[in-house]
Amino acid sequence: MKKIIANLNKAFDNKVRLGIMSMLMVNEWVDFKTFKEMLDLTDGRLASHAKALEENEYIEVRKQFIGKRPNTSYRATAKGKKAFNDHLDALEALLRIKD
Amino acid sequence: MNKNNEHLEALSEIRSLMERSSRFISLSGLSGVSAGLFALLGAGFVFYYFDVVPFKAVQYYTLRPDSPLFGLSPIYFMLVIAVSVFTLALCSALFFTMRKAKRKGQKLWDKTSLRLLINMIIPLIAGGLFCLSLAYNNAFKFVAPATLVFYGLACINASKYTLNEIRNLGIAEVLLGLFGMFFPGFGLELWAIGFGILHIAYGSLMYYKYDRA
């Protein structure tokens, strides 16, 4: 039991970060605006949570210009995908025990 | 126990986000039903116009009716029917899908619907050109079944970007079309089955599975 809880990743102990990772598991690059709309967030909240994931090297950032507007997109790294899958496995294992 | 619910909630939230961000899930089952009804109606008009009975294996496009309905020659009549069925089917499908998107809080026009459209259109354009080549070489009897084959392939391709059921619909359309390629001569009947009955069947299935909730 303790061991399973240890497998739960602290970095994903938050709804916003779970949301960001979920979307990046099934989409290659997702831009800032799409995250904001889908997760219903303010710029500041999204930026700070994205930053946290970036510092863990779970996601990478790409900044580019589309015309004259800056556009920021994110992609999950291999490390991030593995960490997220492990986290999901731990969540499922926990639920199975308590059932 | 509280913790447990929290985890469950997190998991279902994850699943929902994965779906909503990668697939266009607002496709309404009623779109299929309405498109199918218009297709059947159109086919009915054509049978009535040429005064033929379905499954009698006549090449209806070579028939010349004695008293053209509405004063339209066969080519024009078929063209009017084809364009009206296509327009009505498309508009009604858009209407029901727009309604569902609004209810689901999903946008009608976003990355998921664009991706769905692009992946649907590629096989359709290839199929359209393929059918033109058949007509160009006077192989008219293969045109109708060939459209079904390519429409089916388009559905199979598009199913990765919307509700899974579209895949089975696609497989059914391909099989129907292939049958028609081997045993040509039932073009309109196959169209009525493929675009009419199959759409209604899968549309109602999807409606009962996803839309009623």
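These points concern a predicted model with chains A and B.

1. Chain B is helical throughout its assigned secondary structure, with seven helices and zero strands. From the N terminus on, the order of elements is α-α-α-α-α-α-α. The C-alpha trace of chain B spans about 75 × 30 × 25 Å along its principal axes.

2. Chain B has 213 residues, of which 37% count as buried. Among its contacts between residues at least 6 apart in sequence, 73% join residues at least 24 apart.

3. The largest nonpolar core has 40 residues, and B:Ala39, B:Leu190 and B:Trp191 touch the most other members. At least two residues of this core come from each of helix 2 (29-50), helix 3 (74-104), helix 4 (111-136), helix 5 (143-158), helix 6 (165-182) and helix 7 (187-211) of chain B. Helix 5 of chain B gives the most, with 10 residues.

4. The surroundings of B:Ala39 can be listed. Leaving aside neighbours within four places in sequence, B:Ala39 is in contact with B:Val85 and B:Ala89. Its other contacts on that basis are B:Ala192, B:Phe195, B:Gly196 and B:His199.

5. Apart from the largest core lies another, of 21 residues. Its members include A:Phe35, A:Leu46 and A:Ile59 from chain A, and B:Ala10 from chain B.

6. Chain A contains an open sheet of three strands in the order 1-3-2, with antiparallel pairing. Strand 1 (30-31) and strand 2 (59-66) of chain A are at the edges, each with a single partner strand, so one side of each has no neighbour in the sheet.

7. Strand 1 of chain A is joined to strand 3 (residues 69-76) of chain A by two bridges, and the two strands run antiparallel. In this pairing A:Val30 stands opposite A:Tyr74, which belongs to strand 3 of chain A.

8. Helix 2 of chain A lies across strand 1, strand 2 and strand 3 of chain A. Helix 2 runs at about 85° to strand 3 of chain A.

9. The contact between the chains takes 13 residues from chain A and 13 residues from chain B. On the side of chain A that touches chain B, helix 2 (15-26), helix 3 (32-39) and helix 5 (78-98) of chain A each supply at least two residues. Helix 2 of chain A gives the most to that side, with six residues. By residue class, the side of chain A that touches chain B divides into eight nonpolar, four polar and one charged.

10. Helix 2 of chain A therefore appears twice in this note: the helix lies across the three strands of chain A, and it gives the most residues to the side of chain A that touches chain B.

Notes. Residues numbered from 1 in each chain as written. Chains lettered and ligands numbered in written order. Predicted model: local features only at pLDDT ≥ 70, side-chain atom pairs only at ≥ 80, totals over all residues. Contact = placed C-beta atoms within 7 Å. Helix = DSSP H or I, 4+ residues; strand = E, 2+ residues; numbered from the N terminus. Nonpolar A, V, L, I, M, F, W, Y, C, P; charged D, E, K, R; others polar. Core = buried A, V, L, I, M, F, W, Y, C linked by C-beta atoms within 7 Å. Buried ≥ 20, exposed ≤ 12 C-beta atoms within 10 Å, placed from the backbone. Pairing = 2+ DSSP bridges. Axes fitted to C-alpha atoms, helices over the stretch in contact; angles between N-to-C directions.
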